Amino acid sequence: MNKRPSRRDEILQALATMLETQPGTRITTAKLAAEVGVSEAALYRHFPSKAKMFEGLIEFVEESIFSRVTLIMNEEDKSLAQLGHILQLLLTFTERNPGITRIFNGDALAGENERLRNRVVQFYDRLETQLKTILREAELREGLRTVITANSTANLLLSAAEGRIGQFVRSDFKRRPTEHWDEQWQQLSAAIFR
């Protein structure tokens, strides 16, 4: 028996779809209500503001990504594999969720509440901290030392992934973030440790 998504989930799915199919267009609550097939008042019964709707999508991404990062950390012993799986996870997730990717690229948040942009910054900071931790533990557990500092290496790796995500949004979702990533990861991973 298929369970129908809650109205709250329907609203978030419609918002994500609109972000994907209407790039460059400001999403208003009136347009979103029409997309869902409810009144604006009905939207506000589930979310007190449009910012809260965006926050709902950000929370979905945080939960999805970091729960899987925890699994990767528990299942993978080798630092290089952990790094590769986490970056692949980020790229694959964004590829499968193009509308939400516009939020994490900052494109959809232009003119929105500063608190939302700060949440996205915190997401990337948290991910970069995870990469730094892996790099530091690589030296302790595996005797591997990074060529440049762990901080610089983590930043470089995340910047490469963010660049792929930016290209995806700029190309109106035609240039997939995972395209050529396997080759690029081989090159990057070969240069991480001494």
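Which residues line the largest cavity? In this predicted model, the lining of that cavity consists of Val61, Ile65, Leu90, Phe93, Thr94, Ile100, Thr101, Phe104, Phe123 and Tyr124. More on that space below, after a look at the overall build.

## Overall build

It's helices from end to end here: the protein has 9 helices and 0 strands. Read from the N terminus, the elements go α-α-α-α-α-α-α-α-α. If you're setting up a box, the C-alpha trace spans about 60 × 35 × 35 Å along its principal axes.

## What the record marks

UniProt, in an unreviewed entry, has two annotations to look at. One is "domain: HTH tetR-type", which the record puts at residues 5-65. That stretch of chain is 75% helix and 0% strand, and its end C-alpha atoms sit 21 Å apart.

The other is "DNA-binding region", placed by the unreviewed entry at residues 28-47. Here the model gives 75% helix and 0% strand, with 14 Å between the end C-alpha atoms.

## How two helix pairs pack

Start with α1 (7-21) and α2, the helix at residues 29-36. Their axes come within 9 Å of each other and cross at roughly 115 degrees. An angle of 65 to 115 degrees counts as roughly perpendicular, so α1 is roughly perpendicular to α2. The crossing of α1 past α2 is right-handed.

Now for α5 (residues 79-96) and α7 (residues 114-142), whose axes are 9 Å apart at a packing angle of about 165 degrees. That angle is over 145, so α5 runs roughly antiparallel to α7. The handedness for this pair is left-handed, as α5 passes α7.

## The enclosed cavity

Back to the opening question. How many cavities of 30 Å³ or more does a search of the whole structure find? The search turns up 1, and the largest cavity holds about 50 Å³ of space. Four elements, α4, α5, α6 and α7, each give two or more residues to its lining. So the α5 and α7 pair, roughly antiparallel as described, turns up again around this cavity.

By class, the cavity lining splits into 8 nonpolar residues, 2 polar and no charged. The lining includes the aromatic-ring names Phe93, Phe104, Phe123 and Tyr124, and Thr94 and Thr101 are also on the list.

## The largest pocket

The open counterpart is the largest pocket, with a volume of about 260 Å³. Its lining is made of 14 residues, and those closest to the pocket centre are Gln13, Ala16, Leu57, Phe60 and Ile100. Ile100 is also one of the residues lining the largest cavity.

Which element gives the most to the lining of this pocket? That's α1, with 7 residues. The elements supplying at least two residues each are α1, α4 (50-75) and α6 (98-104). Both α4 and α6 also contribute two or more residues to the cavity lining.

The pocket's chemistry is mixed: 6 nonpolar, 4 polar and 4 charged residues. For the cavity, by contrast, the lining has no charged residues.

Key: Residues are numbered from 1 along each chain as its sequence is written. This is a predicted model: local features need pLDDT of at least 70, side-chain atom pairs count only at pLDDT 80 or more; totals for chains, interfaces and linings use all residues. Side-chain values use heavy atoms; hydrogens and water are left out. UniProt positions are given in the numbering used here, feature names are shortened, and annotations may be inferred rather than shown by experiment. On a 1 Å grid over the protein atoms alone, a cavity is a set of points where a 1.4 Å probe fits but cannot get out, and a pocket is an open set with protein on both sides within 12 Å along at least five of seven lines; lining residues have an atom within 4 Å of a point. Grid points are joined across faces, edges and corners, and a volume is the space filled by probe spheres set on the points. Ala, Val, Leu, Ile, Met, Phe, Trp, Tyr, Cys and Pro count as nonpolar, Asp, Glu, Lys and Arg as charged, and the others, Gly among them, as polar. Axes are lines fitted to C-alpha atoms, for helices over the stretch in contact, and angles run from 0 to 180 degrees between N-to-C directions. Angles under 35 degrees count as roughly parallel, over 145 as roughly antiparallel, 65 to 115 as roughly perpendicular and the rest as oblique. A crossing is left-handed if the near helix is turned anticlockwise from the far one by less than a right angle, and right-handed if clockwise.
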